[in-house]
Amino acid sequence: MLLQDLARPPTIVELSRACGLNTLTLKRGFKLLFGQPAHALHQRERMAAAWRLIESGLNLGYANLSHFDAAFRRAFGLLPSELRWRSK
């Protein structure tokens with residue numbers, strides 16, 4: 001459910017209801033199971049999808065490119081333009 005739509009992640013409340021857990025139990029269990037909070041996992045997977053799109057040469061269409069650049073750099077240690085340059 002968390003990774004079903006990378007552009008629109010469910011809220012913790014929505015995830016909790018779907019799992020039949022309260023939010024605190026979900027947060028603790030999620031971090032224990034995956035080693036990171038749900039939001040961090042979602043962001044990592046979103047950046048991995050972006051990586052694949054950049055490598056394939058597709059345009060991502062982000063409304064705020066500087067925000068995307070910063071998030072991509074945090075996730076991978078390089079800018080999307082650097083990846084495009086490496087992929088050529």
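## A buried phenylalanine and the helices around it

At 2% relative accessibility, F68 counts as buried. F68 sits in helix α4. The model shown here is predicted. This report starts from that residue and works outward.

### F68 and its neighbour D69

F68 can be placed against a residue further along the chain. P80 is 12 residues away from F68 in sequence, and their C-alpha atoms are 8.8 Å apart in space.

D69 also belongs to helix α4. Is D69 buried or partly exposed? D69 has a relative accessibility of 24%, so it counts as partly exposed. The cut-off matters here: buried means under 20% relative accessible area. F68, at 2%, falls under that limit. D69, at 24%, does not.

Which residues does D69 touch, leaving out those up to four places away in sequence? D69 touches L79 and P80. D69 and L79 are 10 residues apart in sequence, with 5.9 Å between their C-alpha atoms.

### The whole chain

Now step back. The protein chain has 5 helices and 0 strands. Its pattern along the sequence reads α-α-α-α-α. The chain holds 88 residues, and 24% of them count as buried. F68 is one of the buried residues.

The protein chain exposes about 6400 Å². Carbon and sulfur atoms supply 56% of that area.

Contacts can also be sorted by distance along the sequence. Take the contacts between residues at least 6 apart in sequence. Of these, 38% join residues at least 24 apart.

### Two helix pairs

Two packed helices are described by the angle between their axes and the distance between the axes. Here are two pairs.

| Helix pair | Residues | Axes come within | Crossing angle |
|---|---|---|---|
| α3 and α4 | 38-56 and 65-76 | 10 Å | roughly 100° |
| α1 and α2 | 12-19 and 23-34 | 9 Å | roughly 90° |

Take α3 and α4. Their axes cross at roughly 100°. That angle makes α3 roughly perpendicular to α4. The reasoning rests on a range: angles of 65 to 115 degrees count as roughly perpendicular.

Which residues of α3 and α4 meet? From α3 come Q43, M47, A48, A50, W51 and I54. From α4 come F68, A71, F72, A75 and F76. By class, this contact of α3 with α4 has 10 nonpolar residues, 1 polar residue and no charged residues. So F68, buried at 2% relative accessibility, is one of the α4 residues that meet α3.

Now α1 and α2. Their axes cross at roughly 90°. This makes α1 roughly perpendicular to α2. In α1, the residues in contact are I12, V13, L15, S16 and C19. In α2, they are T23, L26 and K27. How many residues of each class does the contact of α1 with α2 have? It has 5 nonpolar, 2 polar and 1 charged.

### Two more buried residues

S16 lies in helix α1. At 3% relative accessibility, S16 counts as buried. Its contacts, not counting residues up to four places away in sequence, are L21, N22, T23 and L26. Two of these, T23 and L26, also appear in the contact of α1 with α2.

H42 is found in helix α3. Is H42 buried or exposed? H42 is buried, with a relative accessible area of 3%. Which residues does H42 contact, leaving aside its neighbours within four places in sequence? They are L2, L3, D5, L6 and P9.

### Salt bridges

Side chains of opposite charge can pair when their charged atoms come close. How many salt bridges does a search of the whole structure find? It finds 2.

One salt bridge joins the side chains of E45 and R44, at 2.9 Å from N to O. E45 is partly exposed, at 23% relative accessibility. R44 is partly exposed too, at 42%.

R73 forms the other salt bridge with E82. The closest N and O atoms of R73 and E82 are 3.8 Å apart. A salt bridge needs a distance within 4 Å, so this pair counts. R73 has a relative accessible area of 42% and is partly exposed. E82, at 33% relative accessibility, is also partly exposed.

Notes:
Residues numbered from 1 in each chain as written. Predicted model: local features only at pLDDT ≥ 70, side-chain atom pairs only at ≥ 80, totals over all residues. Heavy atoms only, no water. Buried < 20%, exposed > 50% of the residue type's maximum accessible area, 1.4 Å probe, protein only. Axes fitted to C-alpha atoms, helices over the stretch in contact; angles between N-to-C directions. Helix = DSSP H or I, 4+ residues; strand = E, 2+ residues; numbered from the N terminus. Parallel < 35°, antiparallel > 145°, perpendicular 65-115°, else oblique. Contact = heavy atoms within 4.5 Å. Nonpolar A, V, L, I, M, F, W, Y, C, P; charged D, E, K, R; others polar. Areas by Shrake-Rupley, 256 points an atom, 1.4 Å probe, with all protein chains shown as cover.
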